[in-house]
Amino acid sequence: MRRRKQSDNTVATDIKNTYDVRIRFNDCDPLRIVWHGMYITYFEDGREAFGRAQGVSYLDIKSNGYATPIVKSVCEHKKPLAYGDIATIETTYIDTPAAKMIFRYKIYNQKKELVCTGETIQVFLADNGVMSLTIPEFFLEWKRKVGLI
């Protein structure tokens with residue numbers, strides 16, 4: 001696995017997933033281009049596909065007694081998507097020693113042009129509502145499984 005250390009003590013990994021989504025009519029504004037707020041939904045689509053493929057889906061996390069609310073999201077728009085397009089969402093896991101999950105996103109159009117980039121940060125919230133300050137054991141096990149530890 002390739003790992004690139006970042007200046008903020010995170011490590012960019014090559015643990016990624018791609019997921020295609022067809023742009024629906026209700027994703028668009030009156031100009032038939034995707035409304036800017038929908039890109040966060042596409043990030044979630046990519047994150048859910050990543051989780052299902054890697055065994056760390058929302059349901060897997062919930063079955064281990066946690067939720068992972070988003071505490072930060074960043075979205076940078078490059079080009080528009082339009083009704084009927086098929087977008088590819090590339091979701092990459094960014095490793096960190098902290099008790100959180102960081103994902104970076106790249107969204108491409110059918111011509112393989114980059115249309116949007118972004119990042120989300122999620123923390124681990126136990127079922128009792130307390131934020132975990134240490135990485136939960138189930139997530140440490142996943143990190144071992146994929147070779148991060």
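A disulfide is a pair of cysteine sulfur atoms within 2.5 Å. The model on display is predicted, and that cut-off of 2.5 Å governs the first stop of this tour.

**Stop 1: the cysteine pair**

Select Cys 75 and Cys 116 and display their side chains. The sulfur of Cys 75 lies 3.5 Å from the closest cysteine sulfur, that of Cys 116, and is therefore too far away for a bond. Seen from the other side, Cys 116 is likewise in no disulfide, its nearest cysteine sulfur being that of Cys 75. The count by this rule is 0 disulfides. Colouring by accessibility separates the two residues: Cys 75 is partly exposed, at a relative accessible area of 25%, whereas Cys 116 is buried, at 0%.

**Stop 2: helix H1**

Next, select residues 38-54, which form helix H1. The end C-alpha atoms of H1 are 24 Å apart, in agreement with the 24 Å that its 17 residues should span at 1.5 Å a residue. The buried residues here include Met 38, Tyr 39, Tyr 42 and Phe 43. Further along H1, Asp 45 and Arg 47 are buried as well, as are Ala 49, Phe 50 and Gly 51. Continue to Gly 55, which follows H1 and has a positive phi, near 80°.

**Stop 3: helix H3**

Move to residues 137-145, helix H3, and show the side chains of Phe 138, Phe 139, Trp 142 and Lys 143, which are buried. Orient the view down the axis of H3: these buried residues fall within an arc of 145°, so they line one face of the helix. The general background is that an α-helix has 3.6 residues a turn, so residues three or four places apart point the same way.

What do the buried residues of H3 pack against? Their partners comprise helix H1, helix H2 (58-63) and four strands, namely E2 (11-22), E3 (66-67), E5 (86-95) and E6 (100-108). Just after H3, select Gly 147, where phi is positive at about 85°.

**Stop 4: two loop residues with positive phi**

Most residues other than glycine have a negative phi. Two residues to select against that background are Arg 32 and Lys 112. Arg 32 has a positive phi, near 70°, and sits in the loop between E2 and H1. Its relative accessibility of 53% places Arg 32 among exposed residues. Lys 112 has a positive phi near 65° and belongs to the loop between E6 and strand E7 (114-123). Lys 112 is exposed, with a relative accessible area of 64%.

Notes
Residues numbered from 1 in each chain as written. Heavy atoms only, no water. Buried < 20%, exposed > 50% of the residue type's maximum accessible area, 1.4 Å probe, protein only. Arc of directions from axis to C-beta. Contact = heavy atoms within 4.5 Å. Expected span 1.5 Å × (residues − 1).
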